[in-house]
Amino acid sequence: MTSAFEFENTRAYSLLLRIEVLLRECLREALEEQDGRKWQRKLPGALLTKIKDSQKDERKPQFNFVRLGPLYYLTFGELLSVLDQKSSSAIVKRLGGEVFLKQFQNLCAPRNAVCHSRPVSSIGLQVIETLYSQLENVLTVEVVQRYLTHPDTGLEKDAAIPLVASILASALTSHERLPAKLETSKTLALAIEQYWWADDSLAGFNRQCVEDAIDLISQYNELPAGVGAVASRQNFCDRQGLKLKIQKAIATLETATL
């Protein structure tokens, strides 16, 4: 039989998980839109050091860790300090301004209770439920679902390899039409950032072979447009052996040990 303590704390933890993922994803997306892919370099130096130290601690293959997005290495308090920066003002304003920040600060007490296995209390649970409801209203259900479905929480090898192979297969098919761009995905960059990609023995395949194909696709996508562009793309494909290298990369991934 479930006690009130267990029910309330489980409900509170579930909502806190959602709230923190939404907060991290909102912040990441806003900072990325504002400062581009290098947004994380603008985080305070102390937090960057903390993030790098945490990443080093997780390089233990036996635990099958993945490399998370930078904001996932920050505590709740550190996350609030990032929100309080001038660079985060746009997302704070979108979510409700100073009132929003105070609500998050008010969340600390019930959150600490849940995280240390103390009763959250009915009032504490109500505070958490209210804040989650407000986030859902501001962001919309669709955006909330997108954030929760695709959080920046790394990529395991057995999930990544088929995805990378599929992206390369799509590029292999489409390159014959010599389009202006070959379709890629953030999945490629995310996979390469993972701990298991750091060594062939961990990855289970020849990483250089796959990286060569990915690099050529990137070079193809940077070719200039305009008069003679199609001939230039064809020349690039022939000179670099793009088709053969993509085929080789796909074959390499198909032999990977999962």
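**Exercise 1. Which side chains meet in a salt bridge at 2.8 Å, N to O, and where do they lie?**

Step 1. In this predicted model, the side chains of R24 and E20 form a salt bridge, with N and O 2.8 Å apart.
Step 2. Both residues belong to helix α1, 4 residues apart, so about one helical turn separates them.
Step 3. Check the cover. R24 has a relative accessible area of 8% and is buried. E20 is buried too, at 12%.

**Exercise 2. Find the partner of E32 in helix α10, and say what the pair ties together.**

Step 1. E32 forms a salt bridge with K186; the closest N and O atoms are 3.5 Å apart.
Step 2. E32 sits in helix α1 and K186 in helix α10 (residues 186-193), so the bridge ties together parts that are 154 residues apart in sequence.
Step 3. Compare the surroundings. E32 is partly exposed at 23% relative accessibility, while K186 is exposed at 62%.

**Exercise 3. Place both ends of the salt bridge between K243 and E176.**

Step 1. The side chains meet at 4.0 Å, N to O.
Step 2. K243 lies in helix α14 (residues 242-254), and E176 in the loop between α9 (157-174) and α10; the two are 67 residues apart.
Step 3. K243 is partly exposed, with a relative accessible area of 39%. E176 counts as exposed, at 56%.
Step 4. Now look at shared partners. Salt bridges join E25, R28, E32 and K186 into one network.
Step 5. For the whole structure, the search finds 11 salt bridges.

**Exercise 4. Why does C108 form no disulfide, and why does C209 form none?**

Step 1. A disulfide needs two cysteine sulfur atoms within 2.5 Å.
Step 2. The closest cysteine sulfur to that of C108 is in C115, 10 Å away, so it is too far for a bond.
Step 3. For C209, the closest is in C237, at 17 Å, again too far for a bond.
Step 4. The total for the structure is 0 disulfides.
Step 5. As for cover, C108 is partly exposed at 25%, whereas C209 is buried at 10%.

**Exercise 5. Which residues gather in a patch of positive charge on the surface?**

Step 1. The patch holds R37, K38, R41, K52 and K56.
Step 2. Take K56. This residue is in helix α2 (residues 45-57) and is exposed, at 55% relative accessible area.
Step 3. Contrast L43, in the loop between α1 (4-35) and α2. L43 is buried, at 5%.

**Exercise 6. Describe the chain as a whole.**

Step 1. Count the elements: 14 helices and 0 strands.
Step 2. Size it up: the C-alpha trace spans about 70 × 45 × 35 Å along its principal axes.
Step 3. Of the 258 residues, 42% count as buried.

Definitions and conventions:
Residues numbered from 1 in each chain as written. Predicted model: local features only at pLDDT ≥ 70, side-chain atom pairs only at ≥ 80, totals over all residues. Heavy atoms only, no water. Patch = residues over 30% accessible without salt bridge, like charges linked within 9 Å, V, L, I, M, F, W, Y side chains within 5 Å. Areas by Shrake-Rupley, 256 points an atom, 1.4 Å probe, with all protein chains shown as cover. Lys, Arg positive; Asp, Glu negative; His and termini not counted. Charge placed at Lys NZ, Arg CZ, Asp CG, Glu CD. Buried < 20%, exposed > 50% of the residue type's maximum accessible area, 1.4 Å probe, protein only.
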